[in-house]
Amino acid sequence: MAHYFEENPETAGRPGSVTLVLPDLHLKLETDSGVFSPERVDQGTRILLESVPPPPPEGDLLDLGCGYGPIALTMASRAPGATVWAVDVNRRSVDLCARNARAARLDKVRSVHVDEVPPDVRFGAIWSNPAIRIGKAALHEMLTRWLSRLTPDGVAHLVVQKHLGSDSLQRWLNEQGWPATRTASRSSYRILQVRAREADPAP
Ligand SMILES: C[S@@+](CC[C@H](N)C(=O)[O-])C[C@H]1O[C@@H](n2cnc3c(N)ncnc32)[C@H](O)[C@@H]1O
């Protein structure tokens, strides 16, 4: 079975579009088969975008696992002075996010493959609907890689479904030294706020 987190989806493209409607934003986004939630903006993503505090107005921000870009484009629209890195392993997602950012004239979105972010970039905010389905070990590796790159006062917000392990993920984050608290809870979704860990070195 094809997974939305494959690097190069082999399913033939089936272009479509969704609308993202938030109190401050109304965007039409191009989607395609082989990417996450192509028929409608995911409910968890919407809850995250309705719950997060405003991002820092400047600096570098990260959407970890951007898909076709609803989170990255919302960040960029709420922080027009910031550079928003939108990263994914799935090339079709990276391309769609880049196209959607261009169409919305959000030219400070950098939509790139995960290995293409310069190593010295640190993030004042990370927002993510993380790919829980890649499995616990891969999830932990992915979060370790990117949370270690928060600025000292940087904050991450993650949306995770309770039945997909939000409580155990929160515990694991705290055990690893990232102070994690639950800041919102709606339907089956939990928003985890994660602060930078003291042990992580500056670039
Ligand atoms: C739950 S989807 C969220 C997509 C998008 N942010 C949204 O809200 O619609 C998670 C995304 O993470 C991507 N992903 C999977 N493994 C990853 C990894 N190791 N690093 C970065 N992104 C990854 C998937 O390809 C997928 O697009």
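# Questions on a predicted fold

Student: In which sense do β8 and strand β9 pair?
Tutor: This is a predicted model, where local features need pLDDT of at least 70, side-chain atom pairs count only at pLDDT 80 or more, and totals for chains, interfaces and linings use all residues. Residues are numbered from 1 along each chain as its sequence is written. Strands here are DSSP runs (E, at least two residues), helices are runs of H or I of at least four, and both are numbered from the N terminus. Two strands pair if DSSP finds at least two bridges between them; β8 and β9 (residues 189-195) have six bridges, and their sense is antiparallel.

Student: Which residue in β9 is the bridge partner of T181?
Tutor: T181 falls in β8, which covers 180-186. Its bridge partner in β9 is Q193.

Student: Which are the edge strands of the sheet?
Tutor: The sheet is open, has seven strands with mixed pairing, and follows the order β5-β4-β3-β6-β7-β9-β8. An edge strand here pairs on one side only. The edge strands are β5 and β8.

Student: Is V112 in β5 buried or exposed, or in between?
Tutor: V112 is found in strand β5 (residues 109-113). A residue is buried if 20 or more other C-beta atoms, placed from the backbone, lie within 10 Å of its own, exposed if 12 or fewer, and partly exposed in between. V112 has 17 such atoms within 10 Å, so V112 is partly exposed.

Student: Which residues does V112 touch, not counting residues up to four places away in sequence?
Tutor: Contact means C-beta atoms, placed from the backbone, within 7 Å. By that rule V112 touches W85, V87, V94 and V117.

Student: Which strand gives the most to the largest nonpolar core?
Tutor: A nonpolar core is a set of buried Ala, Val, Leu, Ile, Met, Phe, Trp, Tyr and Cys residues joined through C-beta atoms within 7 Å. The largest has 53 residues, and L61, A72, A76, V84 and I126 touch the most other members. With six residues, the strand that gives the most is β7.

Student: What is the radius of gyration of the protein, and why is the protein as compact as a globular protein of that length?
Tutor: The protein has five helices and nine strands. The globule rule is 2.2 Å times the number of residues to the power 0.38, and the radius is taken over C-alpha atoms. For 203 residues the rule gives 17 Å; the protein comes close to this, so it is as compact as a globular protein of that length, with a radius of gyration of 16 Å.

Key
Two residues are in contact if their C-beta atoms, placed from the backbone, lie within 7 Å.
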